[in-house]
Amino acid sequence: MATWNSRGLRGSVLEEMINYTNQKYRDKKLALIQKIPTPITPVRFDKNSRHITLAYFEQKSTVDYIGAVQGIPVCFDAKECAVDTFPLQNIHPHQVDFMGAFEEQGGISFLLIYYSHRQECYYLRYTEMMRYWNRMKDGGQKNFKYAELDSDYFVPSGGGVALHYLVNLQKDLEERNNPFAI
């Protein structure tokens, strides 16, 4: 069985908080966001428990979540970080490409990064992510630091949810001068 420190359970607390939040948003008819399962092909099973013990990914995943908020298409990925430096290698090129294509189609893309040692979550806007990504591609830092983040985009709790990221989405939309701001 996987332990808390294993790669298999990384981000599970964050995922649970997001799933709970998304259910509350759905119940209140604020948003419809769904977790996108990563397609796998099972290779080996434990005969006693009938659990998959070995599998491989069928294809590269895109993002963790996709849906709509008051008619606005959104997609985002959830990342967890245990230190104040976030390595950009945790964001995969195919995810960056997907998020860029999603933005080109009029959608809103972002990351939710949970700094577990601080118990804080950050809404990383697509434009901010690309600033760090392009800095890396141009030979600069391969990470970004907690101190670089915009204090206005830490995700509050409230409204009956642990991660009220719609507050940050609203700010993001306002900065984009989006006429469909929620």
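**Exercise 1. Which residue in β7 stands opposite Cys75?**

Solution. Some ground rules come before the steps. The model is predicted, with local features requiring pLDDT of at least 70 and side-chain atom pairs counting only at pLDDT 80 or more, while totals for chains, interfaces and linings use all residues. Residues are numbered from 1 along each chain as its sequence is written, and side-chain values use heavy atoms, leaving out hydrogens and water.

Step 1. Strands (E, at least two residues) and helices (H or I, at least four) are DSSP runs, numbered from the N terminus. Strand β5 covers residues 72-81 and runs parallel to β7, with 8 bridges joining them. Two strands pair if DSSP finds at least two bridges between them.

Step 2. The residue opposite Cys75 is Ser109.

**Exercise 2. Place β7 in its sheet and find the helix lying across it.**

Solution. Step 1. The sheet is open, has 5 strands in the order β1-β4-β5-β7-β8, and shows mixed pairing.

Step 2. Its edges are β1 (31-35) and β8 (120-125), each of which pairs on one side only. On average, neighbouring strands are turned by 25° against each other, direction ignored.

Step 3. Across β7 and β8 lies helix α3 (residues 126-137), at about 85° to β8. Axes are lines fitted to C-alpha atoms, for helices over the stretch in contact (heavy atoms within 4.5 Å); angles run from 0 to 180 degrees between N-to-C directions.

**Exercise 3. Identify the strand that gives the largest share of the largest nonpolar core.**

Solution. Step 1. A nonpolar core is a set of buried Ala, Val, Leu, Ile, Met, Phe, Trp, Tyr and Cys residues joined through side-chain atoms within 4.5 Å. Buried means under 20% relative accessible area, exposed over 50%, and partly exposed in between (1.4 Å probe, protein chains only).

Step 2. The largest core has 49 residues; those touching the most other members include Phe110, Leu112 and Tyr115. Strand β7 (residues 108-115) supplies the largest share, 7 residues.

Step 3. Beyond four places in sequence, the contacts of Leu112 include Leu14, Phe76, Lys79 and Tyr165.

**Exercise 4. Is Lys79 buried or exposed?**

Solution. Step 1. Lys79 is found in strand β5.

Step 2. Its relative accessible area is 10%, so Lys79 is buried.

Step 3. The side chains of Lys79 and Asp77 share a polar contact of 3.0 Å. Such a contact is a pair of N or O atoms within 3.5 Å; within protein, one must be able to donate a hydrogen and the other to accept it, and residues adjacent in sequence count only if both atoms are side-chain atoms.
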